[in-house]
Amino acid sequence: MAADRPVAGLADELIDHRFKALPPDAEGLTVGALAAERRDLFTGGFTTPVLALSAESVAHNLALLESYAERHGLAFAPHGKTSMSPQLFARQLEHGAWGITAAVPHQARVYRAYGIRRIFLANELVDAAALRWLAGELDRDPEFRFVCYVDSVRGVELMDEALRAAGASRPVDVVVELGAGEGARTGVRTEAECAAVADAVAETGTLRLVGVAGYEGEVPDASDERVREWLRRLVALAVAFDREGRFGRKDRGGRLAASKTAPDEAGAATEEAGTAGEAAEPAEAGAATRRAADAIDDGIVISAGGSAWFDAVADVFAQIPELSRPVLKLLRSGAYVSHDDGHYRHLTPFNRVPEEGALRPAFRLWAQVVSRPSPGQAFLNAGKRDAAYDLDLPQAQVVRSGRDGTVRPATGITVGGLSDQHTWLSTEPGAELEVGDWVGMGLSHPCTSFDKWQLIPLVEADGTVTDYIRTFF
């Protein structure tokens, strides 16, 4: 049965050799018992390299996106692929998230194992085994809500075939994915092809078309205007589909029926759900967003929004006209929870709208100097197995003396490359660095930082470890 592994149960897992960097003398303790000891990251027996997640930065980032979504009348389903951490999912839901986004069936299974009730799968799901599992989950749990992409007639045929074979009793909610342009990633390229996919959905008894979606981060040669132009296409597609009566809804018997909401009733429902409430005070906007989220069964889903352009999404979605039913304006940004010191530090929309606030990088990888073979060179004991390097190399930020524990800026120290288990440092003349020192590095790209660590210390500013974040990649 789904939801039989409460997040709190993660504290009962035993510490052993599976988890990098944890104190050897903690072997045999539970995670909860170790957390209760509130050890110091630097003096509590942790071995290097060790990845730390700032407790204060995570709390700040969770609150910031919650308030941003409320101000702009958005619901959000952060992409769980970033952290794959049920503990962080729970905190995101506590901070107003509608649900959690997934990319592949394995991720959805992890979500369900830890009780996630709403999942948005940002991919077309054509795996027959996964669809069989999904049909069983929907049958077992009437509170479970699942939405996924469709982007081809053939995909619709495969989904229908697998769901019929599985004896699915509940239709699977789908949204047509509009591609971001020729040469972009997935998604239907033209509006005419979108209509053909929608027609194919309507021919099935196993699927229900509930909206449209896409990913603006794949717009070729992305610029603010190009992204907004594509977002306006997405909204126009939803408007056209609604006008043509393509969005299905369930009647009292669980069958699918076209919307027959009267225009005046639809307007009242839409306004109450927050689709016309952008001028509301933050608390009112948040309440309206939650009402829209609760209306998902009868609402229209319009979804976009990665971590680089959600300001454009907020602006364009604010102009969505009145439709026949409430609109769930669903943002899917995921990297915000930890942010970073590289890729997303440069790309975040908060750089363009500083009055909205600022995210804080939460990761710091600590490694030790194990070799200082020449005045211009040093080596740390962390490498590609420990640090993200797919977008940018780590950045040396601070040095903690191995002699007395004092911390100083990493002046004149640059990361030049990574081996599997070593960081190559270049050191300028006069740079203070010796064997035994700890170097704290900022990382780029949260997705490939989380996935190298199964249990990550959550650390307060004074070095106290208050919890351990479990990941499932």
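Two strands count as paired if DSSP finds at least two bridges between them. The model examined here is predicted. By this criterion, eight strands form an open sheet with parallel pairing. Their order is β2-β11-β10-β7-β6-β5-β4-β3. In general, strands of a sheet pair through backbone hydrogen bonds, in either a parallel or an antiparallel manner. The edges are occupied by β2 (75-76) and β3 (100-102). Each has a single partner strand, so one side of each is left without a neighbour in the sheet.

At the β3 edge, the partner is strand β4 (residues 118-124), joined to β3 by three bridges. The two strands run parallel. Within this pair, I100 stands opposite I119 in β4. Helix α4 (residues 105-113) packs on the sheet here and touches both β3 and β4. The direction of α4 makes about 150° with that of β3.

Strand β3 also contains T101. Its relative accessible area is 0%, and T101 is therefore buried, the cut-off being under 20%. The surroundings of T101 can be listed, leaving aside residues up to four places away in sequence. T101 touches A77, P78, H79, G80 and K81, together with Y111, F120, A122 and R332.

Burial extends to helix α4. The buried residues there are Q107, A108, V110, Y111, R112 and A113. Their cover includes α3 (86-94) and α5 (128-140), as well as strands β3 and β4. Of the buried residues in α4, Y111 is also listed among the contacts of T101. Just after α4, G115 takes a positive phi of about 85°.

A helix pair was examined next. Two packed helices are described by the angle between their axes and the distance between the axes. For helix α8 (residues 224-243) and helix α11 (residues 310-317), the axes come within 10 Å. They cross at roughly 45°. The two helices are therefore oblique to each other. The crossing of α8 and α11 is right-handed. On the α8 side, the contact involves D224, V227, R228, L231, R232, L234 and V235. These meet D311, A312, V313, D315, V316 and F317 in α11. By class, the contact of α8 with α11 has eight nonpolar and five charged residues, and no polar ones.

Several loops hold backbone features of note. Most residues other than glycine have a negative phi, and most peptide bonds are trans. A cis peptide bond joins T48 and P49, with omega about 0°. P49 is found in the loop between α1 (31-36) and β1 (50-54).

Two histidines have positive phi values. For H339, phi is near 55°. This residue is found in the loop between β11 (327-331) and α12 (343-347). The relative accessible area of H339 is 4%, so the residue is buried. For H445, which is not a glycine, phi is positive at about 75°. H445 is placed in the loop between β18 (438-442) and α13 (447-450). With a relative accessible area of 14%, H445 is buried.

Conventions
Residues are numbered from 1 along each chain as its sequence is written. This is a predicted model: local features need pLDDT of at least 70, side-chain atom pairs count only at pLDDT 80 or more; totals for chains, interfaces and linings use all residues. Side-chain values use heavy atoms; hydrogens and water are left out. Axes are lines fitted to C-alpha atoms, for helices over the stretch in contact, and angles run from 0 to 180 degrees between N-to-C directions. Helices (H or I, at least four residues) and strands (E, at least two) are DSSP runs, numbered from the N terminus. Angles under 35 degrees count as roughly parallel, over 145 as roughly antiparallel, 65 to 115 as roughly perpendicular and the rest as oblique. A crossing is left-handed if the near helix is turned anticlockwise from the far one by less than a right angle, and right-handed if clockwise. Contact means heavy atoms within 4.5 Å. Ala, Val, Leu, Ile, Met, Phe, Trp, Tyr, Cys and Pro count as nonpolar, Asp, Glu, Lys and Arg as charged, and the others, Gly among them, as polar. Buried means under 20% relative accessible area, exposed over 50%, partly exposed in between (1.4 Å probe, protein chains only).
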